Amino acid sequence: MAVEDECKLKFLELKAKRNYRFIIFRIDGQQVVVEKLGSPEENYDDFSNSLPANECRYAVYDFDFTTAENCQKSKIFFIAW
């Protein structure tokens, strides 16, 4: 199974520049391709509504949160759907 270069590029953009809130990937034949890019203004509900009910997807989600010490943090999650 091959991963398109665009998948790697978009993930690096999310990781370094925070250009996207989430990226959804799908398997197309023998390749993993980008299906959807979520803008930074989108939230978890937008992300979950973008996932199909009965099909496999892979995704990364950039989650922003505030710690108990009132510090802004961000974590990137990999999700197998």
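# Questions for the guide

Visitor: Leaving aside neighbours within four places in sequence, which residues is Glu 42 in contact with?

Guide: Setting those sequence neighbours aside, Glu 42 is in contact with Arg 21, Phe 22, Lys 36 and Leu 37. Contact here means heavy atoms within 4.5 Å. Before we go on, please note that this is a predicted model, in which local features need pLDDT of at least 70, side-chain atom pairs count only at pLDDT 80 or more, and totals for chains, interfaces and linings use all residues. Residues are numbered from 1 along each chain as its sequence is written, and side-chain values use heavy atoms, with hydrogens and water left out.

Visitor: Where does Glu 42 lie?

Guide: You will find Glu 42 in the loop that runs between strand S3 (31-38) and helix H2 (44-49). These elements are DSSP runs numbered from the N terminus, with helices as H or I of at least four residues and strands as E of at least two.

Visitor: Why has Glu 42 no salt bridge?

Guide: A salt bridge asks for a side-chain nitrogen of Lys or Arg within 4 Å of a carboxyl oxygen of Asp or Glu. Lys and Arg count as positive, Asp and Glu as negative, while His and the chain ends are not counted. The nearest side chain of opposite charge, Lys 36, is 4.1 Å from Glu 42, so the pair does not meet the 4 Å rule. The side chain of Glu 42 does reach the backbone nitrogen of Ser 39, at 2.9 Å.

Visitor: What makes Glu 13 count as buried?

Guide: Buried means under 20% relative accessible area, exposed means over 50%, and partly exposed is in between (1.4 Å probe, protein chains only). Glu 13 has 16% relative accessibility, so it counts as buried. Its place is in helix H1 (residues 5-17).

Visitor: What makes the link between the side chains of Glu 13 and Tyr 20 a polar contact?

Guide: A polar contact is a pair of N or O atoms within 3.5 Å; within protein, one must be able to donate a hydrogen and the other to accept it, and residues adjacent in sequence count only if both atoms are side-chain atoms. The side chains of Glu 13 and Tyr 20 come to 2.8 Å, so the pair satisfies the distance limit.

Visitor: Which residues make up the largest nonpolar core?

Guide: Its eight residues are Cys 7, Leu 14, Tyr 20, Ile 23, Phe 25, Val 32, Val 34 and Val 60. H1, strand S2 (22-28) and S3 each supply at least two of them. Another core, of six residues, lies apart from it and includes Phe 22, Phe 47, Leu 51 and Tyr 61. Such a set is called a nonpolar core because it holds buried Ala, Val, Leu, Ile, Met, Phe, Trp, Tyr and Cys residues joined through side-chain atoms within 4.5 Å. In soluble globular proteins, nonpolar side chains tend to be buried together.

Visitor: How do you know that the side chains of Glu 55 and Arg 57 meet in a salt bridge?

Guide: Their N to O distance is 3.0 Å, so it falls within the 4 Å limit. Arg 57 is buried because its relative accessible area is 9%, whereas Glu 55, at 45%, counts as partly exposed. Salt bridges with shared partners join this pair to Arg 26, Asp 28 and Glu 35 in one network. Within it, Arg 26 meets Asp 28 at 3.9 Å and Glu 35 at 3.5 Å. The salt-bridge rule gives a count of seven.

Visitor: Why is Asn 70 called exposed?

Guide: The relative accessible area of Asn 70 is 65%, so it is exposed. Asn 70 sits in the loop between strand S4 (58-66) and strand S5 (72-80), and its phi is positive, near 65°, although the residue is not glycine. Arg 18 likewise has a positive phi, of about 55°, without being a glycine. Arg 18 lies in the loop between H1 and S2 and counts as partly exposed because its relative accessibility is 32%.

Visitor: What pattern does the protein follow along the sequence?

Guide: Reading along the sequence gives β-α-β-β-α-β-β, with two helices and five strands. Of the 81 residues, 31% count as buried.
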